[in-house]
Amino acid sequence: MAPLPVVPPAPPPPAANCTFARGCGDAQPALPADVAALVRDHPCYSDEAHHHFARMHVAVAPACNIQCHYCNRKYDCANESRPGVVSERLSPDDAVRKVLAVAAEIPELSVVGIAGPGDALASPGATFATLEGIRRAAPDLTLCLSTNGLALPEHVDRLAALGVRHVTVTVNMIDPEVGERIYPWILREGRKVHGKEASRILSARQLEGIAALRARGVLVKVNSVVIPGVNDAHLPDVVRAVRAAGAFLVNLVPLISAPEHGTHYGKTGQRGPTAEELERVQGRAEIDARVMRHCRQCRADAVGRLGEDRFASFTLARLPPGPARDARELRGERREAVGRARAIAARERDAALLRVVGVPAELSARVAVATRSGGLVDQHFGHAREFLVYDVSRAGARLVGRRATEQYCSGGEGDDDVLGRALRALVDCDAVLVAKVGHCPKGQLSAAGIEPVTDRAFQPIEAAALGWLEAFAERVARGAVAPKRRPLAAEPGRAEVA
Ligand code: CLF
Ligand code: SF4
């Protein structure tokens with residue numbers, strides 16, 4: 001085995017009184033214990049939690065009080081949902097019945113959210129009746145809500161009193177000049193307001209609402225839709241403004257716009273960002289904020305872990321007629337099992353970190369991971385519909401995004417077109433960590449400079465990525481391989497999300 005390169009010693013651990021998660025140089029302070037407890041089991045607020053916990057949405061809020069150019073009212077609210085999707089609308093009673101039925105089947109359920117199909121606070125009667133019903137029926141479930149923010153200021157007290165500690169506000173602009181290219185009108189006090197005035201009112205109400213939530217101990221996530229040529233250059237200002245107002249987390253989501261969705265942007269040819277453009281905007285935002293990298297732009301009736309689509313098993317027609325029992329004890333057992341898995345993953349990560357202290361600080365590589373559950377490298381390459389992408393260095397493995405693909409292998413047959421698309425999706429990765437990979441894709445991955453790695457199968461992701469890095473660094477030192485150049489990579493050590 002070749003010796004490791006001679007490098008300066010790894011930075012010391014942070015001093016006991018240091019408030020930054022990884023010591024000097026980390027852009028984000030470590031979370032206070034009460035905040036850490038609030039994000040720990042929320043699959044959207046913590047990328048680690050999304051390996052273990054599920055969320056569901058109840059589609060009880062049909063109305064909206066604004067018009068976004070990326071929305072067609074025939075479909076769900078596109079601020080927090082995938083455009084072109086229609087959810088089954090529920091009454092508050094049906095919503096509570098559905099929550100209990102889902103909780104009985106999916107013990108990893110930790111969060112219930114209202115994210116449409118219109119704006120949650122444009123139908124306050126239905127939204128609050130639902131939140132109150134869930135609070136009574138299953139008090140251990142975390143309540144979550146997503147809104148465009150226009151009606152937020154008048155509802156913050158009621159949300160806080162109900163124990164809602166997670167609210168998402170979609171903020172796409174703070175400059176009305178930009179805003180009038182996104183919002184043609186808003187409804188305010190019974191009248192339609194157009195142009196810059198509409199955006200001025202909307203922006204002021206959003207920032208006021210965020211600050212009021214923050215003052216009541218609510219963790220605010222801000223979603224911003226990245227619209228190239230409209231607000232992409234403006235988003236760093238938006239991120240600074242929402243951070244100043246008290247937002248906890250920022251989620252920059254790509255505009256999805258297709259003519260068949262019938263939206264203004266779809267019909268006028270406004271495109272969404274490329275993966276590189278999105279990563280660039282996220283990297284800039286990370287200078288000022290924690291940035292979510294694992295959003296799946298889910299449906300307003302989504303059920304399951306992020307990326308899972310189990311809503312079809314829980315339509316109204318399939319629900320049991322009476323109320324299901326509250327499976328609280330099953331959720332408790334699941335939380336304990338997750339705690340044990342987390343302890344193992346942390347131990348293995350810490351051991352792996354010690355083994356890479358000699359890796360040069362400037363060596364950073366990018367790995368894709370196929371994972372199904374529990375934060376493990378546990379999926380066959382041919383079965384993956386998406387890969388999680390991590391930048392890995394001696395400081396650790398940091399999620400930078402996800403790459404959607406299609407399942408390459410079905411019924412034992414590989415699809416060459418799908419493989420070609422997967423290779424393009426992973427082109428900037430040095431390796432792909434999988435449980436297994438077939439002979440043909442293995443060869444093509446290697447030919448594309450993406451090392452297929454199976455000897456980390458069923459290890460926790462961070463430990464697996466660091467273990468791979470240890471061997472990779474040796475090969476780099478020998479000159480046998482070089483990391484791919486990624487001019488767009490964000491600086492490591494920034495904005496670790498929870
Ligand atoms: Fe739903 Fe949103 Fe709550 Fe999550 S989703 S209301 S914060 S429980 Fe999550 Fe879905 Fe992305 Fe939303 S992955 S679209 S960020
Ligand atoms: Fe559509 Fe949501 Fe915008 Fe309302 S807030 S117009 S439902 S995307």
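Hi everyone, let's start with one serine: S123 is buried, with a relative accessible area of 11%. Keep in mind that this is a predicted model. S123 counts as buried because 11% falls below the cut-off, which is under 20% relative accessible area. Where does S123 sit along the chain? You'll find S123 in the loop between β3 and α3, the helix at 124–137. And what does S123 touch, leaving aside residues up to four places away in sequence? The contacts are A61, P62 and A63.

Now for two residues with an unusual backbone angle. Q297 has a phi near 45°, a positive value in a residue other than glycine. Q297 belongs to the loop between α9 (275–285) and β10 (303–304). F458 also isn't a glycine, and its phi is positive too, at about 70°. F458 is in the loop between β17 (451–453) and α13. Buried or exposed, what is each of them? Q297 is buried, at a relative accessible area of 13%, while F458 counts as exposed, at 52% relative accessibility. The cut-off for exposed is over 50%, so F458 passes it with its 52%.

On to the ligands. Ligand 1 sits in the largest cavity. There are 16 residues around ligand 1, and those that come nearest are C44, H57, E80, C144 and C298. By class, the shell of ligand 1 is made of seven nonpolar, five polar and four charged residues.

What surrounds ligand 2? The cysteines C64, C68, C71 and C77 are among its neighbours, and the list also includes I66, Q67, Y70 and R73. A78, N79, G118 and N148 are there as well. That shell divides into seven nonpolar, four polar and one charged residue.

Last stop, helix α10, residues 328–355. How far apart should its ends be? At 1.5 Å a residue, its 28 residues should span 40 Å, and the end C-alpha atoms are 41 Å apart, so the two values agree. Which residues of α10 are buried? They are R331, V338, R342 and A352, so two arginines are in that set. As for partners, the buried residues of α10 pack against α2 (92–105), β3 (109–114) and α13 (461–478). We met β3 earlier, at one end of the loop that holds S123, and α13 at one end of the loop that holds F458.

That's my tour, so please have a look at the structure and come find me with questions!

Methods:
Residues are numbered from 1 along each chain as its sequence is written. Chains are lettered from A and ligands numbered from 1 in the order in which they are written. This is a predicted model: local features need pLDDT of at least 70, side-chain atom pairs count only at pLDDT 80 or more; totals for chains, interfaces and linings use all residues. Side-chain values use heavy atoms; hydrogens and water are left out. A residue is near a molecule or strand if one of its heavy atoms lies within 4 Å of it. Ala, Val, Leu, Ile, Met, Phe, Trp, Tyr, Cys and Pro count as nonpolar, Asp, Glu, Lys and Arg as charged, and the others, Gly among them, as polar. Helices (H or I, at least four residues) and strands (E, at least two) are DSSP runs, numbered from the N terminus. The expected span of a helix is 1.5 Å times one less than its number of residues. Buried means under 20% relative accessible area, exposed over 50%, partly exposed in between (1.4 Å probe, protein chains only). Contact means heavy atoms within 4.5 Å. On a 1 Å grid over the protein atoms alone, a cavity is a set of points where a 1.4 Å probe fits but cannot get out, and a pocket is an open set with protein on both sides within 12 Å along at least five of seven lines; lining residues have an atom within 4 Å of a point. A molecule sits in a cavity or pocket if more than half of its atoms lie within 2 Å of its grid points.
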